[in-house]
Amino acid sequence: DAIEINRDSAGLSDVPGFELAASACDIRGKGDDRLDLAVVHSVRPCSAAGVFTKNAVKAPPVRICQDLLGKGGPFHGFVVNSGNANCCNGENGMRDAVATCAAVAQALDVPEDQVLVASTGVIG
């Protein structure tokens, strides 16, 4: 499904040039309404850096971010979810992470390789 960015989210950020949105998507599947998805959008292209696990097992979002950051950017934002680490789930995990970047890039009207993705939560 397409992701819609709410640009009228007054109060989420006082940093000029950045837009933020958060949503309760029930990523954990527990029927709660906690915020578990966020998008940060830099209106202008910006630089980014990352610190990553040294573990041999790297989730698709880690691999995507390492690849994109290695290319040097520029970047227009990132999407992060809480409740599912998107790790140890094979090629489905990579497809989901790539699709997430694509949906956010489309919503922000920026190239897909200018959106980073992060996931945190239960592994496996």
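These are my notes on a helix, a core and one glutamine in this structure.

**Entry 1: the model.** I am working from a predicted model.

**Entry 2: helix α2.** I looked up α2 and found that it runs over 90-108. I checked its length next. The helix has 19 residues, and at 1.5 Å a residue they should span 27 Å. I found its end C-alpha atoms 28 Å apart, so the two values agree. Just after α2 comes aspartate 109. Its phi is positive, near 60 degrees.

**Entry 3: the buried side of the count.** Which residues of α2 are buried? I listed Gly93, Met94, Ala97, Cys101, Ala103, Val104, Ala105, Ala107 and Leu108. I then asked what these buried residues pack against. They pack against β2, α1, β3 and β4.

**Entry 4: the core.** I turned to the largest nonpolar core, which has 18 residues. Ile64, Val79, Val104, Leu116 and Val117 touch the most other members. Two or more residues come from each of β2 (37-46), α1 (60-71), β3 (75-82), α2 and β4. The largest share is that of α2, with six residues. Val104 appears twice in my notes: it is a buried residue of α2, and it is among the core residues that touch the most other members.

**Entry 5: glutamine 114.** Where does glutamine 114 sit? I found it in the loop between α2 and β4 (115-120). Is it buried or exposed? Its relative accessible area is 14%. Buried means under 20%, so glutamine 114 counts as buried. I left aside neighbours within four places in sequence and looked up its contacts. They are Pro74, Phe75, His76 and Gly77.

Terms used
Residues numbered from 1 in each chain as written. Predicted model: local features only at pLDDT ≥ 70, side-chain atom pairs only at ≥ 80, totals over all residues. Heavy atoms only, no water. Helix = DSSP H or I, 4+ residues; strand = E, 2+ residues; numbered from the N terminus. Buried < 20%, exposed > 50% of the residue type's maximum accessible area, 1.4 Å probe, protein only. Contact = heavy atoms within 4.5 Å. Core = buried A, V, L, I, M, F, W, Y, C linked by side-chain atoms within 4.5 Å. Expected span 1.5 Å × (residues − 1).
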